Structure formats: C-alpha cells, structure tokens
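Got a structure in front of you and wondering how its labels are earned? Let's go through them one at a time.

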Amino acid sequence: MNNKEKILLSALTLFAKNGYTETSIDKIAKQAGVSKGLTYTHFKNKEELLTVTIENTITKMTSEMMEIQELNFNTFFNSFFASLQSNTGIIRLCLLLVIHPQTPSKVIALLDNQKNELVNLFSTLLENEFRENSHNEAEILLATIDGITIDYVTNPNPLSLKTKQQYLTNKYI
C-alpha cells in the first residue's frame with residue numbers, strides 16, 4: 001500500500017469513527033504513519049481528502065451494485081443488505097454527511113448523484129408494475145431503504161435486518 005492509499009484508508013476510518021469536523025489532517029497523518037506535509041502533498045485540504053474518500057468508497061459501492069449481471073430487486077437487495085452489514089461505518093459517515101451543515105458542497109453533490117442513480121435504477125425496475133408512477137414508487141422505496149439503513153446503523157440487529165430484507169424482496173418480486 002502506497003502513502004496515498006494509507007492516507008485515504010486512515011481518513012476513511014477516522015471520518016467514519018469521529019465525523020468530518022472532528023477529524024483533523026494531523027490525526028489522519030498520524031494514523032497513516034506519514035507526515036502532515038506529505039498528506040498536503042497528495043491533498044490540498046481536508047475537504048479534498050473527504051471528497052476523494054467518498055468518491056473512492058461510496059461511488060465504488062454504488063457502481064458494484066449497478067454492475068450486477070442480472071439486475072433485479074432480489075440481486076439488488078442481496079447486494080445492498082450485504083454491503084450495509086459489511087460497510088456500516090462508511091454508510092454511517094454518509095448519513096452524517098448528508099445532515100451535517102458543514103459538509104462540503106462537492107460531497108453533498110456526490111451523495112445526491114448516488115441517490116439519483118438509485119432512484120433511476122428503481123424506476124426502471126418498477127416501470128412494468130407502476131408505469132407512470134414508477135418514479136414516485138422508486139422515491140418511496142429509497143426512503144424506506146434509507147429508514148432501514150438509519151435503523152441498522154444506530155441499532156445493528158442482523159436478524160431484524162434480514163426480516164426487513166425478506167419483506168422488501170417479497171413485496172417487489
């Protein structure tokens with residue numbers, strides 16, 4: 001792992017654990033085992049470091065879900081709920097960033113883009129059943145998934161999560 005990757009991994013870990021405003025470049029550099037100056041060689045400021053961190057993680061997670069060979073709700077839900085369990089810290093960070101008033105606008109734009117991609121995907125999958133209301137139904141489904149996500153991040157209960165996944169799978173298949 002090169003120094004830039006170490007910095008990104010440390011940033012992700014600390015942002016997820018402590019939040020954006022509570023994480024300093026000093027703390028990131030220390031955890032990565034590099035100098036603060038080297039951190040600034042790779043990233044001009046903390047905002048850019050957060051932006052790159054989000055691009056590298058959340059965008060990758062969304063892309064992986066979008067690239068599923070046979071995209072349907074069953075495969076999407078399996079992928080999403082597995083990701084929720086294995087990436088709880090990252091997803092928690094994203095939830096905090098969405099509601100925090102000091103979140104950089106570039107990061108908000110990345111998260112909004114992810115939301116729009118999911119709504120468009122859901123709309124496509126729901127077109128046959130809901131026709132002209134597929135976009136509204138997609139937004140309601142995403143809001144439901146957001147609620148499940150918040151519930152799991154604040155109270156991780158794999159059994160309850162599995163029950164909710166099964167409910168959604170039965171409802172949308």
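What follows is a set of questions and answers about the labels used for this structure.

Q: How do you know what kind of model this is, and how are its residues numbered?
A: This is a predicted model, where local features need pLDDT of at least 70 and side-chain atom pairs count only at pLDDT 80 or more, while totals for chains, interfaces and linings use all residues. Residues are numbered from 1 along each chain as its sequence is written, and side-chain values use heavy atoms, with hydrogens and water left out.

Q: What makes up the protein chain, in helices and strands?
A: The chain has 9 helices and 0 strands. Those labels come from DSSP runs, numbered from the N terminus: H or I over at least four residues for a helix, E over at least two for a strand. Its C-alpha trace spans about 55 × 30 × 30 Å along the principal axes.

Q: Why is the contact between Asp-26 and Lys-36 called a salt bridge?
A: The term asks for a side-chain nitrogen of Lys or Arg within 4 Å of a carboxyl oxygen of Asp or Glu. Asp-26 and Lys-36 have N to O at 3.3 Å, so the pair fits the 4 Å limit. Asp-26 sits in helix α2 (residues 25–32) and Lys-36 in helix α3 (residues 36–42), so the bridge ties together parts 10 residues apart in sequence.

Q: Why is Asp-26 called partly exposed?
A: Buried means under 20% relative accessible area, exposed means over 50%, and partly exposed is in between (1.4 Å probe, protein chains only). Asp-26 has 44% relative accessibility, so it counts as partly exposed. Its partner Lys-36, at 39%, gets that label too. Across the 173 residues of the chain, 40% count as buried.

Q: What makes Asp-151 and Lys-164 a salt bridge?
A: Their closest N and O atoms are 2.6 Å apart, so they also meet the distance rule. Asp-151 is in helix α8 and Lys-164 in helix α9, 13 residues apart. Asp-151, at 32% relative accessible area, is partly exposed, and so is Lys-164, at 26%.

Q: What makes a space a cavity, and how many of 30 Å³ or more are there?
A: On a 1 Å grid over the protein atoms alone, a cavity is a set of points where a 1.4 Å probe fits but cannot get out, whereas a pocket is an open set with protein on both sides within 12 Å along at least five of seven lines. The structure holds 1 cavity of 30 Å³ or more. The largest cavity has about 40 Å³ of space, and the salt-bridge partners Asp-151 and Lys-164 are among the residues lining it.

Q: How do you know which residues line the largest pocket?
A: Lining residues have an atom within 4 Å of a point. For the largest pocket that gives 22 residues, with Cys-94, Leu-95, Gln-114, Leu-118 and Asp-146 nearest its centre. Helix α7 gives the most, with 7 residues. The pocket has a volume of about 470 Å³, a volume being the space filled by probe spheres set on the points, which are joined across faces, edges and corners.

Q: What lines the second largest pocket?
A: It has 13 lining residues, including Leu-12, Asn-56 and Ile-90. Helix α4 gives the most, with 6 residues, and the pocket holds about 250 Å³ of space.
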